[in-house]
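Student: Hi! Could you help me get to know this protein by working through some questions together?
Tutor: Happy to! Let's look at the structure and start from the inside.

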Amino acid sequence: MHSRTLAVWACAALAGIWAARPAGAAGFGIQEHSAAQMGTAYAGAAAAGEDAAALADNPAAIARLTTPQIVVNGTLALPNLPFSSTGSTLPTGAPIRGPNDDGGTPALLPNFFWASPVWDGLHVGFGLLPSFGLATDYQGFWVGRYNAQASDLTSLDLAPTVAYRVVPGLSVGFSPVARYTKVKFTNAVDFGSVGAALGIPGAVPGANDGTAKLKVSGWSFAFNGGVLLEPTDTTRIGVAYFHSDAARVTGSVQFGLSPVGSVISVATGAFTPADASSLIGYPDHATVGIVQSLTPELDLRAGATWTQWSSFKQELITFSNPAQAPSLMVENWRDTIALGLGTTYRVDPVLVLRAGLSYDQTPVPDPAHRDARLPDSSRYGVAVGCGYSLTDSTSIDLAYEHLFGGSAGLNVTTATGDRIVGTTRLSADLVALQVNVRY
């Protein structure tokens, strides 16, 4: 056999596990930290400063709190990501066998926050929250299996926070962030197409599948800093900037080999268990928000967030097995803007109602850079919520948001030559519950 050619095919086939972004907000960002903010579609979140969860959007905002506070929030995300093939083919041009599928899978996003005044304008806090994440899960034999099967990326931020009221009407704050990232990806490997191209007896395109599973994890660091201005008793303006370092993740790759895959592995030394490592390029983002009271009961809120997804240009994965060359995937995402407009209305001292609208732009530039792990598209959001005081020290917040995403094309050719072509449509329902305890 042509062992050198086989090695190239083997390394290329492995690249399929990483070709999709290790991916909420558009891209693979997560903004679901607060039911109170979800109720207004996150409009003006950088200027809210109404509970300890504010430190996730603007560390300076906890300087508004007058008592120690604990906030526990949980958001249940129910995404729908139906994919319909419109001509997915094997390298031979024959159709890829397998059903269409919906990769949306329920996800629970927990958050914990604590904040407290210390003395003379100084406040401290701590947050435990996910800031990026991805979860999709398709059937093992679905039509897009060579692009993706199961995907799970979770990041968890540990965010100690300090805020200081410099003068009345001006507060500053910062959070040094330690971030833990864990990734598990699987996809099918079309050993039949590789083997048929190399003349291996018994190799049939699309009929000799194996599997590849990547598991990596690691720590990285970030920094969140912000300013809160209160020029009048009825106006708050918040500005924050979040800088993220890339995460160095390490772990292993494992393979399930078909008989044809075993022949390829023996001939080349590839497709054996190996150590794996890569960098995940998390983007920076900047956000601005305003809260304007119109009456003591009613306010309007607006906000915008810019995310530097253009820094997410490529992903390189390397292996300890010298028979597997490093794999490079070009991303070329673009910067995005998210907008929100919302309102709150205090019915009485114990009940507040909320509503909001949002628009979140996708960073994916075209169908060739959109894949089944993260079939992202721009989306509109409609949210409603309420807050209710159970006692003088305890309150709860509830929120519901529906995301409407348009139809988006997907046209990806895997490293083994399999072409996944079709359309997907993003939608999601999100429900959040938050408990606030002041002491």
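Student: Which residues have the most contacts inside the largest nonpolar core?
Tutor: Keep in mind that this is a predicted model. In soluble globular proteins, nonpolar side chains tend to be buried together. Here the largest nonpolar core has 36 residues. Those with the most contacts inside it are F28, I264, F271, I280, Y282 and W333.

Student: Which element gives the largest share of this core?
Tutor: Several elements give two or more residues to the core, including the strands β8 (170–190) and β9 (209–232) and the helices α3 (191–197) and α4 (259–268). Strand β11 (247–256) is also one of these elements. The largest share is four residues, and the element it comes from is β11.

Student: How many residues are in the other core that lies apart from it?
Tutor: Look for A56, V71, V177 and F242, which are among its members. This second core lies apart from the largest one, and its size is 16 residues.

Student: How many helices and strands does the protein chain have?
Tutor: You have already met some of them, such as β11, which supplies four residues to the largest core. For the whole protein chain, the secondary structure comes to four helices and 21 strands.

Student: What radius of gyration does the protein chain have, set against a compact globule?
Tutor: The C-alpha trace spans about 80 × 40 × 35 Å along its principal axes. With 439 residues, a compact globule would have a radius of gyration near 22 Å. The value for the protein chain agrees with that, at 24 Å.

Student: What percentage of the exposed area do carbon and sulfur atoms supply?
Tutor: Of the 439 residues, 53% count as buried. The protein chain still exposes about 17000 Å². Of that area, carbon and sulfur atoms supply 64%.

Student: How far apart are the mean positions of the positive and negative charges?
Tutor: First count the charges: the protein chain has 24 positive and 32 negative ones. Taking the mean position of each set, the two are apart by 6 Å.

Student: Which residue forms a salt bridge with E230?
Tutor: Side chains of opposite charge can pair when their charged atoms come close. The closest N and O atoms of this pair are 3.3 Å apart, and the partner of E230 is R64. E230 lies in strand β9 and R64 in the loop between α2 (35–38) and β1 (69–80), so the pair ties together parts that are 166 residues apart in sequence. To repeat the name you asked for, it is R64.

Student: Are D157 and R179 buried or exposed?
Tutor: Their side chains meet in a salt bridge, 2.7 Å from N to O. The pair links strand β7 (residues 150–167), which holds D157, to strand β8, which holds R179, and the two residues are 22 apart in sequence. Both of them are buried.

Student: Which residues join D299 and R301 in one network of salt bridges?
Tutor: The side chains of D299 and R301 meet in a salt bridge of 3.1 Å, N to O. D299 counts as buried at 9% relative accessibility, and R301 is buried at 3%. Through salt bridges that share partners, the network also takes in E50 and R236.

Student: How far apart in space are P363 and S310?
Tutor: P363 is in the loop between β18 (351–360) and β19 (379–389). At 0% relative accessibility, P363 counts as buried. P363 and S310 are 53 residues apart in sequence, while their C-alpha to C-alpha distance is 8.0 Å.

Technical notes:
Residues are numbered from 1 along each chain as its sequence is written. This is a predicted model: local features need pLDDT of at least 70, side-chain atom pairs count only at pLDDT 80 or more; totals for chains, interfaces and linings use all residues. Side-chain values use heavy atoms; hydrogens and water are left out. A nonpolar core is a set of buried Ala, Val, Leu, Ile, Met, Phe, Trp, Tyr and Cys residues joined through side-chain atoms within 4.5 Å. Buried means under 20% relative accessible area, exposed over 50%, partly exposed in between (1.4 Å probe, protein chains only). The radius of gyration is taken over C-alpha atoms; the globule rule is 2.2 Å times the number of residues to the power 0.38. Accessible areas come from the Shrake-Rupley method with a 1.4 Å probe; for residues, only the protein chains shown count as cover. Lys and Arg count as positive and Asp and Glu as negative; His and the chain ends are not counted. The place of a charge is taken as NZ of Lys, CZ of Arg, CG of Asp or CD of Glu. A salt bridge is a side-chain nitrogen of Lys or Arg within 4 Å of a carboxyl oxygen of Asp or Glu.
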